[in-house]
Amino acid sequence: MANYFSSSIIKRVSGSLLGASIFFVVTNFGVWVSGLYGYSWGGLISCYWLAIPFFAYSLISTLVFSSLIEIIYKLKQKNYPIFKKI
């Protein structure tokens, strides 16, 4: 699986976004199971609906940090002087 994500930047960024999406689905299902929103379809939908603003922040931070890691990785590959001591 690691070889799949190492082939291009698009695959790595999409993999990180997929990971954030899976985290959103699993953790919000756990919140619903805790009984906070009630054990009904309406409660399940409310749980996911009310979590959307937090998911937006999660996606933004995932994109920012994925981009930052990609930039550092590319700079390190080009042997910039800042990485000589590392």
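Buried means under 20% relative accessible area, exposed over 50%, and partly exposed in between (1.4 Å probe, protein chains only). This is a predicted model, in which local features need pLDDT of at least 70 and side-chain atom pairs count only at pLDDT 80 or more, while totals for chains, interfaces and linings use all residues. Residues are numbered from 1 along each chain as its sequence is written, and side-chain values use heavy atoms, with hydrogens and water left out.

**View 1. The whole chain is a run of helices.** The protein chain has three helices and zero strands (helices are DSSP runs of H or I with at least four residues, strands are runs of E with at least two, and numbering starts at the N terminus). Read from the N terminus, the order of elements is α-α-α. Of the 86 residues of the chain, 17% count as buried. Contacts (heavy atoms within 4.5 Å) with a separation of 6 or more include a 39% portion between residues 24 or more positions apart.

**View 2. Helix α2 spans its expected length.** Helix α2 covers residues 9–33, which makes 25 residues. At 1.5 Å a residue (the expected span is 1.5 Å times one less than the number of residues), these should span 36 Å. The end C-alpha atoms of α2 are 36 Å apart, which agrees. Look along α2 for its buried positions: G15, A20, F24, N28 and W32. Just past the helix, G35 takes a positive phi of about 95°.

**View 3. Helix α3 carries a bend.** Helix α3 takes in 37 residues, from 41 to 77. Its expected span is 54 Å, and the end C-alpha atoms are 50 Å apart, which agrees. Follow α3 to I52 and you will find a bend of about 45° (the angle between axes fitted to the seven residues ending there and the seven starting there). A proline, P53, follows within four residues of that point. After α3 comes N79, whose phi is positive, near 55°.

**View 4. Helix α2 helps to cover α3.** In α3, the residues G43, L44, C47, Y48, A51, F55, T62, S66 and E70 are buried. Among the parts that cover them is α2. A good place to see the two helices together is V13, which sits in α2 and is partly exposed, at 21% relative accessibility. From V13 to S66, the C-alpha atoms are 6.4 Å apart, although the two residues are 53 places apart in sequence.

**View 5. Seven residues build the largest nonpolar core.** This core (buried Ala, Val, Leu, Ile, Met, Phe, Trp, Tyr and Cys residues joined through side-chain atoms within 4.5 Å) consists of F24, W32, L44, C47, Y48, A51 and F55. Both α2 and α3 supply at least two residues each. The helix that gives the most is α3, with five residues. If you leave out residues up to four places away in sequence, F55 touches A20, S21 and F24.

**View 6. N28 meets three residues of the core.** N28 belongs to helix α2. At 11% relative accessibility, this asparagine counts as buried. Setting aside neighbours within four places in sequence, N28 is in contact with C47, Y48 and A51. These three partners are also members of the largest nonpolar core.

**View 7. Aromatic rings pair up.** The structure holds four aromatic pairs (ring centres of Phe, Tyr or the six-membered ring of Trp within 6.5 Å; planes under 30 degrees apart are stacked, over 60 edge-to-face, the rest tilted). One of them joins W32 and Y39 edge-to-face, 6.2 Å from centre to centre and with 75° between the planes. The partners differ in setting: W32 is buried at 16% relative accessibility, whereas Y39 is exposed at 61%. Elsewhere, F24, Y48 and F55 come together as one aromatic cluster.

**View 8. One salt bridge links α2 to α3.** Side chains of opposite charge can pair when their charged atoms come close. The structure holds one salt bridge (a side-chain nitrogen of Lys or Arg within 4 Å of a carboxyl oxygen of Asp or Glu). Here R12 pairs with E70, and their closest N and O atoms are 2.6 Å apart. R12 lies in helix α2 and E70 in helix α3, so the pair ties together parts that are 58 residues apart in sequence. R12 is partly exposed, at 23% relative accessibility. E70, in contrast, is buried, with a relative accessible area of 10%.
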